[in-house]
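Here is a short tour for the bench, starting with charged pairs and moving on to the interior and the confidence scores. Please keep the structure open as you read.

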Amino acid sequence: MTSQPTDDSVPQGADRGTSPGGLSSPQLTRRGALRKRRPYRPRRDRGRFRLTPRDEWGMRYIADMWALRFDQLLDMFALWHYQEEVKRYEQQLADYQLRPQGPRPELPTLQPQTKSKVLSIIHRWTEHGYALTDQSHATDPVWLTLTAKALHELQLPYEAGFPPKTALKESGHIFACNQVRFKLMKTKTYGKYVWWSERAIKANWEEGAPGVAYDQLPDAVLYLDGVARLCVEVELSRKADDRYDQVLARLTALYPQILYCVRGERLYRVLLDTRERLGPAQHQQVHITLL
């Protein structure tokens, strides 16, 4: 009597479709029928440039701040990776607290990004028409801003292109605001706040704070759970004392806390004197720090 073939007698893995002599034979199913190949279909998005979550986050960041210098782009991408690592850490810590097995998760640290990696990202953006670069001053690093294409795809209400070249200096306001944002977003206190820049407030004026003159907007407002918690002012040059008195009186009436980031010891002392002229309750709302 001839025995029936078992499953073990059917060629498996690399043996299937190969004759004893080592020659390739048609692919067979377990029933011995020819296996039909599915027709090859190229991916619909083949050859297209797709924005990653890191791309979108970075582009929105740049759009809010108008432009970033190359060394600040290194800080920006380092911040993105750090915040992603913090999210994973918090999830791992929550799991560990439910089931404390193995070593306790460790809080990540901010890791610098390599120049080559950031240059590769910038090249992708510029190659596909999402960003522009410019070296506005011969001795300074390159600056980067977004194109109309990027702003349109991200549905951002900003005007495309660079600000005036006079604004693209290390001593300028845009550079200083970027530095302040990095400093605050790296902290445990403000890392999860939503940064609402002056540019965003202007572009969405109908949603701006009532009672604030258009030309006297704060440099940023930080929100937590949809509530304005902190107003940020970046001060680089001396103004009249009565102007500071008016600005601080207005800001303390609108925001729970005001953070003045100033450049230089002399200006720092001027703002301290201004704070002293406020009432006791307003005095507690104002914090002053050096850039």
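## Charged pairs on helix H2

Let's begin with Glu 85, which forms a salt bridge with Arg 88, their closest N and O atoms lying 2.7 Å apart. Keep in mind that this is a predicted model. Both residues belong to helix H2 (residues 70–98), where they sit three residues apart, about one turn of the helix. Glu 85 is partly exposed, at 37% relative accessible area, and Arg 88 is also partly exposed, at 42%.

Helix H2 takes part in another pairing, since the side chains of Glu 90 and Lys 192 meet in a salt bridge of 2.8 Å, N to O. Glu 90 is in helix H2 while Lys 192 is in the loop between helix H5 (173–185) and strand E4 (194–197), so this pair ties together parts that are 102 residues apart in sequence. Glu 90 counts as partly exposed at 34% relative accessibility, whereas Lys 192 counts as exposed at 58%.

## Other salt bridges

Is Glu 235 buried or exposed? With a relative accessible area of 5%, it is under the 20% cut-off and therefore buried. The side chain of Glu 235 meets that of Lys 239 in a salt bridge (2.6 Å, N to O), and Lys 239 is partly exposed at 30% relative accessibility.

Arg 69, Asp 71 and Glu 170 are joined into one network by salt bridges that share partners. The count for the model comes to ten salt bridges.

## Nonpolar cores

Turning to the interior, the largest nonpolar core has 44 residues, and Leu 73, Trp 125, Leu 184 and Leu 222 have the most contacts inside it. Leaving aside residues up to four places away in sequence, Leu 184 touches Tyr 190, Gly 191, Trp 195, Leu 222, Val 232 and Leu 259. A second, separate core of 19 residues includes Ile 201, Val 247, Leu 267 and Ile 288.

## A look at Ala 148

Ala 148 lies in helix H4 (residues 148–153) and is exposed, with a relative accessible area of 52%. Ala 148 and Tyr 130 are 18 residues apart in sequence, and their C-alpha atoms are 7.7 Å apart in space.

## Confidence along the chain

The chain averages a pLDDT of 84, and 79% of the residues score at least 70. Among the elements of the chain, strand E3 (residues 143–146) has the highest mean pLDDT, 97, and helix H6 (residues 198–203) the lowest, 88. Over residues 1–20 the pLDDT is below 50, and this stretch has 18 contacts in the model beyond near neighbours in sequence.

Technical notes. Residues are numbered from 1 along each chain as its sequence is written. This is a predicted model: local features need pLDDT of at least 70, side-chain atom pairs count only at pLDDT 80 or more; totals for chains, interfaces and linings use all residues. Side-chain values use heavy atoms; hydrogens and water are left out. A nonpolar core is a set of buried Ala, Val, Leu, Ile, Met, Phe, Trp, Tyr and Cys residues joined through side-chain atoms within 4.5 Å. Buried means under 20% relative accessible area, exposed over 50%, partly exposed in between (1.4 Å probe, protein chains only). Contact means heavy atoms within 4.5 Å. Helices (H or I, at least four residues) and strands (E, at least two) are DSSP runs, numbered from the N terminus. pLDDT is the predictor's confidence in each residue, from 0 to 100. A salt bridge is a side-chain nitrogen of Lys or Arg within 4 Å of a carboxyl oxygen of Asp or Glu.
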